[in-house]
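Visitor: Please take a close look at a single part of this model for me, and then set that part against the rest of the chain. I would like the cut-offs stated as you go.

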Amino acid sequence: MRPEWVLAGVTFIWGGTFLAVQTALTWSGPLFFVGLRFAVAAGIMALLAGRRLRGLTAAELWAGGWIGLAIAGGYGLQTVGLETIPSSKSAFITALYVPLVPVLQWIVLGRPPGRLTWIGVVFATIGLMLIAGPEAGGLGFSFGELITIISVLAIAAEVVLISRFALTVDAARVTVVQLAVASALCFAAMGAAGESVPVWDWRILWFALGLGLASAVIQLAMNWAQKSVSATRSTLIYAGEPVWAAIIGRMAGEILPLTALIGGVFVVLGMVVGEWPARRRPGKLSEGPAAQEVRDRMPE
């Protein structure tokens, strides 16, 4: 059970980062801060990897590049959204990536999701509408909500890519590459987004150090744990992330309307139902498409 407990710890850290990032945006633009955060994380991971980096392969550069692209898109857009919506609302919207993972694998790998997945997607969609409802009548979205929804697609792609490459790469080396790529892409995107380098404040560095360490721990843990824990089971564990974010946000004074909280319950329910293994025959539980992808690549 050790890998599962590691992923459970990841969800707690992950949930707390929403409020921390939103606080850091008081002094920094979103893309600069995300770029700095992942630069710090890449540096920490490079120090931990040490001499192992000498064995970096072309396959690990390839895998890390693609995962880094997904991370930059996911975290970059999510952080832009955090400028205008509460951290707990952002966490619930971000949680939509869980039922989207098997749908995305259907598009990429050609393996259609099961009936429970579609039910989970329906629950998550209802939840999303309820979360947006207090400000948008449940039929439209604010800019912050919309940009966060777009970020969900990139985050779902990250989970799929990690499972795709997990058994063929060294976790430490590929984590350094993906964090460095994510950092470089966020810094490069600042010009296109019209974002300038902020006036320096030491609080930016302290938050970047803390969140950079959290990012390094999260990415390394995901890469390590998903070697033996399928994406299907991983995403079930990740269902705790928005719950922790909501608890931490509430402790910090955030108050969501009742309809938004009900929507959050629907999103979490969609996460659990959508990834729940369906029983194919007595005595054997079938696995979702992500789990099957990992199993197909395991040596006999």
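Guide: Contact here means heavy atoms within 4.5 Å. This is a predicted model, in which local features need pLDDT of at least 70 and side-chain atom pairs count only at pLDDT 80 or more, while totals for chains, interfaces and linings use all residues. Residues are numbered from 1 along each chain as its sequence is written, and side-chain values use heavy atoms, with hydrogens and water left out.

The part to look at closely is the surrounding of S151, which has its place in helix 7, where helices (H or I, at least four residues) and strands (E, at least two) are DSSP runs numbered from the N terminus. S151 has a relative accessible area of 0% and is therefore buried, a word that stands for under 20% relative accessible area, with exposed meaning over 50% and partly exposed in between (1.4 Å probe, protein chains only). When its neighbours within four places in sequence are left aside, S151 is in contact with G73, G74, L77 and Q78.

Helix 7 also takes part in a salt bridge, that is, a side-chain nitrogen of Lys or Arg within 4 Å of a carboxyl oxygen of Asp or Glu. E145 is joined in this way to K89, with 3.2 Å between the closest N and O atoms. The two partners lie 56 residues apart and link distant parts of the chain, E145 belonging to helix 7 (residues 143-165) and K89 to helix 4 (residues 87-94). Both E145 and K89 are buried.

The structure holds 4 salt bridges, and another of them brings together the side chains of R173 and E60 at 2.8 Å, N to O. Here too distant parts are linked, since R173 sits in helix 8 (residues 171-193) and E60 in helix 3 (residues 58-81), 113 residues apart. R173 and E60 are both buried. In the salt bridge of R203 with D201, the closest N and O atoms are 2.8 Å apart; R203, at 41% relative accessibility, counts as partly exposed, whereas D201, at 18%, counts as buried.

Helix 11 offers another view, with a buried side and a part in a surface patch. Its buried residues are E241, P242, A245, A246 and G249. They cover an arc of only 130 degrees around the axis, and so lie on the same side of helix 11; the arc is that of the directions from the helix axis to the C-beta atoms. Helix 11 also gives the most to a nonpolar patch, with 4 residues. That patch consists of F12, V243, W244, I247 and M251 and has about 500 Å² of accessible area together. Patches are made of residues with over 30% relative accessible area and no salt bridge, like charges being joined within 9 Å and nonpolar side chains (Val, Leu, Ile, Met, Phe, Trp, Tyr) within 5 Å. Accessible areas come from the Shrake-Rupley method with a 1.4 Å probe, and for residues only the protein chains shown count as cover. I247, found in helix 11, is partly exposed, with a relative accessible area of 39%.

For the chain as a whole, the secondary structure comes to 13 helices and 2 strands, and buried residues make up 52% of its 300 residues. Among contacts with a separation of 6 or more, 89% are between residues 24 or more positions apart.
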